[in-house]
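Some labels given to residues rest on a value set against a cut-off. The questions below ask how such labels are reached.

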Amino acid sequence: RNMFENFSGNLVEKLCGKYIENSDPRNLRLSLLSGKIQLQNVILKASAFDDFDFPLSMVHGTIDLLELKVPWSKLDGSSTSVLVENVNILFRPSTQDTGTAEAYSRRSADRLKRLDADLSSRRRSLALSSASP
């Protein structure tokens with residue numbers, strides 16, 4: 001694999017690694033000029049929805065196509081877009097007690113704030129690492 005493919009693989013891992021299983025390199029498509037990274041036949045980690053404190057647990061999940069469009073020349077200021085096609089997820093009732101509806105809503109809002117902060121931190125980290133020689 002060349003340096004760009006290694007960087008792209010690392011980028012996918014940083015952005016999505018918490019949610020997807022290690023992808024097969026044969027399912028990774030790169031387009032250098034357009035900044036597209038495509039993953040096909042993605043398998044979701046069983047823990048992908050744990051941070052959301054749903055009263056459901058994921059049994060199995062797949063995504064036919066996950067496409068990241070990364071503005072390589074402007075990582076520090078431009079948005080990275082994500083396209084997701086054909087998501088299939090099987091849930092079962094969770095065995096953990098989520099408490100009252102108000103407590104559940106509060107916990108969910110707190111987790112979404114933490115996820116947003118985590119994503120912002122990852123984007124800053126990516127921008128800094130791409131700016132380094």
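**A buried charge and its surroundings**

Q: What makes Glu67 a residue with no salt bridge, and how far away is the nearest side chain of opposite charge?
A: In this predicted model, Glu67 is buried yet has no salt bridge, and the nearest side chain of opposite charge, Lys36, is 4.2 Å away. A salt bridge needs a side-chain nitrogen of Lys or Arg within 4 Å of a carboxyl oxygen of Asp or Glu, and therefore the pair of Glu67 and Lys36, at 4.2 Å, does not count as one.

Q: Why is the pairing of Glu67 with the side chain of Gln38 called a polar contact?
A: The side chains of Glu67 and Gln38 are 2.5 Å apart at this contact. Because a polar contact is a pair of N or O atoms within 3.5 Å, one able to donate a hydrogen and the other to accept it, the value of 2.5 Å satisfies the distance cut-off.

Q: Where is Glu67 found, and which residues does Glu67 touch, not counting those up to four places away in sequence?
A: Glu67 is found in strand β3, which covers residues 56–69. Leaving out residues up to four places away in sequence, Glu67 touches Lys36, Ile37, Gln38, Ser81, Val82 and Leu83.

**Residues at the surface**

Q: Why is Val84 called partly exposed?
A: Val84 is found in strand β4 and has a relative accessible area of 39%. Buried means under 20% and exposed means over 50%, so Val84, with 39%, is partly exposed.

Q: Which residues form the nonpolar patch on the surface, and which strand gives the most to the patch?
A: Leu56, Val82, Val84, Val87, Ile89 and Phe91 form this patch, and together they have about 440 Å² of accessible area. Strand β4, residues 81–93, gives the most, with five residues.

Q: Why is Asn41 called exposed?
A: Asn41, whose place is in strand β2 (residues 36–43), has a relative accessible area of 52%. Exposed means over 50%, so Asn41 is exposed.

Q: What is noted about the phi of Asn41 and of Asn86?
A: Phi of Asn41 is near 55°, a positive value in a residue other than glycine. For Asn86, which has its place in strand β4, phi is near 55° as well, and Asn86 is likewise a residue other than glycine.

**The chain as a whole**

Q: How many helices and strands are there, and what pattern does the chain follow?
A: The chain has two helices and four strands, and read along the sequence it follows the pattern α-β-β-β-β-α.

Key:
Residues are numbered from 1 along each chain as its sequence is written. This is a predicted model: local features need pLDDT of at least 70, side-chain atom pairs count only at pLDDT 80 or more; totals for chains, interfaces and linings use all residues. Side-chain values use heavy atoms; hydrogens and water are left out. Buried means under 20% relative accessible area, exposed over 50%, partly exposed in between (1.4 Å probe, protein chains only). Lys and Arg count as positive and Asp and Glu as negative; His and the chain ends are not counted. Contact means heavy atoms within 4.5 Å. Patches are made of residues with over 30% relative accessible area and no salt bridge: like charges are joined within 9 Å, nonpolar side chains (Val, Leu, Ile, Met, Phe, Trp, Tyr) within 5 Å. Accessible areas come from the Shrake-Rupley method with a 1.4 Å probe; for residues, only the protein chains shown count as cover.
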